[in-house]
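Colleague: I would like to learn how to read a model of this kind feature by feature. Could we take the fold, then the chain contact, the charged pairs, the cysteines and the backbone angles?

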Amino acid sequence: METTDLSADKPERARQGAKGERTKQRIKAAFADLLAGKSFTSITIADICRTSDITVGGFYFHFASQEDLLDEVIAEYIDVLVGDFDAAIDDRRGTALAEAVCGAFLKAYSEQAGLARTFQQLTRMRSDYASRWRVASEGGMRRLGESLAVERPDLAPDRALFLAHALVTMIMSKLDLIYVYRDRSGKTAAASSATLARDLTQLWRRMAEAGSAG
Amino acid sequence: MTGAAPPDSPGVAELARKAGRRQQRGERTRLKIKETLIGLLNEQDYFDLTITDICQAAHVATGGFYFHYARKADLLEEVIREHSADFWTTLDAALHYQDPYSALFHASTALVRAYRDAPGLVRCFNQLAMTDRLYVDIWESAAASWVSRLVEKLGASEADGMALTNANAYSLLSFVDLLLFKIHVERDPGLVESAGGVDEITENIAVLWHRALIGRSPDAARLAYAAQGRGV
């Protein structure tokens, strides 16, 4: 975000750029921290400035608006999640595939709970965020379908893709209950992440395997 | 009311009839307003809808609207409460089937129908649930009670491998809910294309639900689409 007119001196400009980048990161980190405790609709620019210890002018130097900040933070969250999702599919089959994919989503939700919650809220409330996720995860979803089809030659190709969507939806719906809705009934009381990983993997295996009809 | 009026008074019976007609007309208007809202929500976001939009589409005077509802939010709350009540009644009926697959298949049918018939209302309900605790509670309390009865039913029939906890069963209802949301409300093209028609969706969801809850597939003889290579 450096501007060329700051100085003709290149090392100075680079330093300015690095400092600007650090400030920007600080703003994003502060926003992510705030999201862990509050809804994005109730966070103000003043909150963000206070938490990241910058001026309002400093904020507007880096971001055109709070919407702009939200946009960038969510884009990064999606990038990381989709990257982890893609990496989890690589050459894996059976339980290893189930564990890796469940692990990728569990990591996103547990390590970035505020962002995960905000992202899920936005995809439910606004169709542009839903389509962003769709576009970003399309390739991974297709590859997951292909991996599932290897184990289940009985599946028609479109049904393998349907199963891939269903499995990812199963993971997200369970994690949403714990991290997004924060169910007060205690029905989904936060289990340890090891228990959660085991439950998700087992549900995946049950759904993905046709098994024997008893 | 009857005994109080003098026998020669023209008023009482006549007034009662008029009041009855007015009430009927009032009910009709109320119903029309509610149906109009459900229709409009399929085209437009709830937050963008004005009372004027609703009145125009329903052919009701604005005064008529305000006779029945003080705010747009009151109308919506009534519509959602009525729809939820109908929805859970149908889901409750599914639990009367003896074997687990029949119960899940009928529950799946009810869910698919609810999402397909009023996608706009479902979208709106989900939007509000993100910001208004009231709507989360409307869903949560009914869902928790339904799920515990489902678990009771299945627990009596069998249990192998993973213990069937209320928490897992509850999250599986949310799974069906979210999958149908993506199909009928978000209309994710990749998912919609791979899912097939409504009847295929109903069966395949029931199969996945059955497997996740019980740990094995339902009897293949009962599956129409699986037999045609269109199962999951």
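Colleague: How many helices and how many strands does chain A have?

Modeller: In this predicted model, chain A has 9 helices and 0 strands, and the order along its sequence reads α-α-α-α-α-α-α-α-α. Of the 214 residues in chain A, 49% count as buried. Among the contacts in chain A with a separation of 6 or more, 68% are between residues 24 or more positions apart.

Colleague: What area is buried between chain B and chain A, and how many residues does each chain give to the contact?

Modeller: About 4100 Å² is buried between chain B and chain A, with carbon and sulfur atoms giving 61% of that area. The contact takes 50 residues from chain B and 42 residues from chain A. As for specific interactions across the interface of chain B and chain A, the search finds 13 residue pairs in polar contact, both residues being at pLDDT 80 or more. On the side of chain B that touches chain A, the elements giving two or more residues are helix 6 (119-131), helix 7 (133-157), helix 8 (166-186), helix 9 (189-195) and helix 10 (198-214) of chain B. The largest share of that side, 14 residues, comes from helix 8 of chain B, and the residues of the side divide into 21 nonpolar, 16 polar and 13 charged.

Colleague: How should I read the charged pairs, and how many salt bridges are found across the interface of chain B and chain A?

Modeller: The general idea is that side chains of opposite charge can pair when their charged atoms come close. Across the interface of chain B and chain A there are 2 salt bridges, whereas a search of the whole structure gives 31 over all chains. One that spans the interface is formed by R134(A) and E186(B), whose closest N and O atoms are 3.9 Å apart, a value to be read against the cut-off of 4 Å. This pair crosses between chains, running from R134(A) in helix 7 (residues 127-151) of chain A to E186(B) in helix 8 of chain B.

Colleague: Is R134(A) buried or exposed, and with which residues is it in contact?

Modeller: R134(A) counts as buried because its relative accessibility is 19%, and the limit for that class is under 20%. Its partner E186(B) is buried as well. Leaving aside neighbours within four places in sequence, R134(A) is in contact with E186(B), D188(B) and P189(B).

Colleague: Which elements does the salt bridge of R124(A) and D176(A) link?

Modeller: The side chains of R124(A) and D176(A) meet at 3.0 Å, N to O. The pair links distant parts of the chain, since R124(A) is in helix 6 (residues 113-125) of chain A and D176(A) is in helix 8 (residues 157-180) of chain A, 52 residues apart. R124(A) is buried, with a relative accessible area of 5%, and D176(A), at 0% relative accessibility, counts as buried too.

Colleague: Which parts of chain B does the pair of R30(B) and E78(B) tie together?

Modeller: R30(B) and E78(B) form a salt bridge in which the closest N and O atoms are 2.6 Å apart. R30(B) lies in helix 1 (residues 11-41) of chain B and E78(B) in helix 4 (residues 72-94) of chain B, so the pair ties together parts that are 48 residues apart in sequence. Both R30(B) and E78(B) are buried. Elsewhere, salt bridges that share partners join K24(A), K28(A), E72(A) and E76(A) into one network.

Colleague: How many disulfides are there over all chains, and why does C124(B) not bond with C55(B)?

Modeller: A disulfide is a covalent bond between the sulfur atoms of two cysteines. The count here comes to 0 over all chains. For C124(B), the closest cysteine sulfur is that of C55(B), and because the two sulfurs are 17 Å apart they are too far for a bond. C124(B) is buried, with a relative accessible area of 1%, and C102(A) is also buried, with a relative accessible area of 1%.

Colleague: Where do D53(A) and H59(B) lie, and what phi does each have?

Modeller: D53(A) is a residue other than glycine with a positive phi, near 55°, and it lies in the loop between helix 2 (45-52) and helix 3 (56-62) of chain A. At 65% relative accessibility, D53(A) counts as exposed. H59(B), not a glycine either, has a positive phi of about 55° and is placed in the loop between helix 2 (51-58) and helix 3 (62-68) of chain B. H59(B) counts as exposed, at 70% relative accessibility.

Note on methods. Residues are numbered from 1 along each chain as its sequence is written. Chains are lettered from A and ligands numbered from 1 in the order in which they are written. Side-chain values use heavy atoms; hydrogens and water are left out. A disulfide is a pair of cysteine sulfur atoms within 2.5 Å. Buried means under 20% relative accessible area, exposed over 50%, partly exposed in between (1.4 Å probe, protein chains only). Contact means heavy atoms within 4.5 Å. Buried area is the accessible area (1.4 Å probe) that two parts lose on being put together, summed over both. A polar contact is a pair of N or O atoms within 3.5 Å; within protein, one must be able to donate a hydrogen and the other to accept it, and residues adjacent in sequence count only if both atoms are side-chain atoms. Helices (H or I, at least four residues) and strands (E, at least two) are DSSP runs, numbered from the N terminus. Ala, Val, Leu, Ile, Met, Phe, Trp, Tyr, Cys and Pro count as nonpolar, Asp, Glu, Lys and Arg as charged, and the others, Gly among them, as polar.
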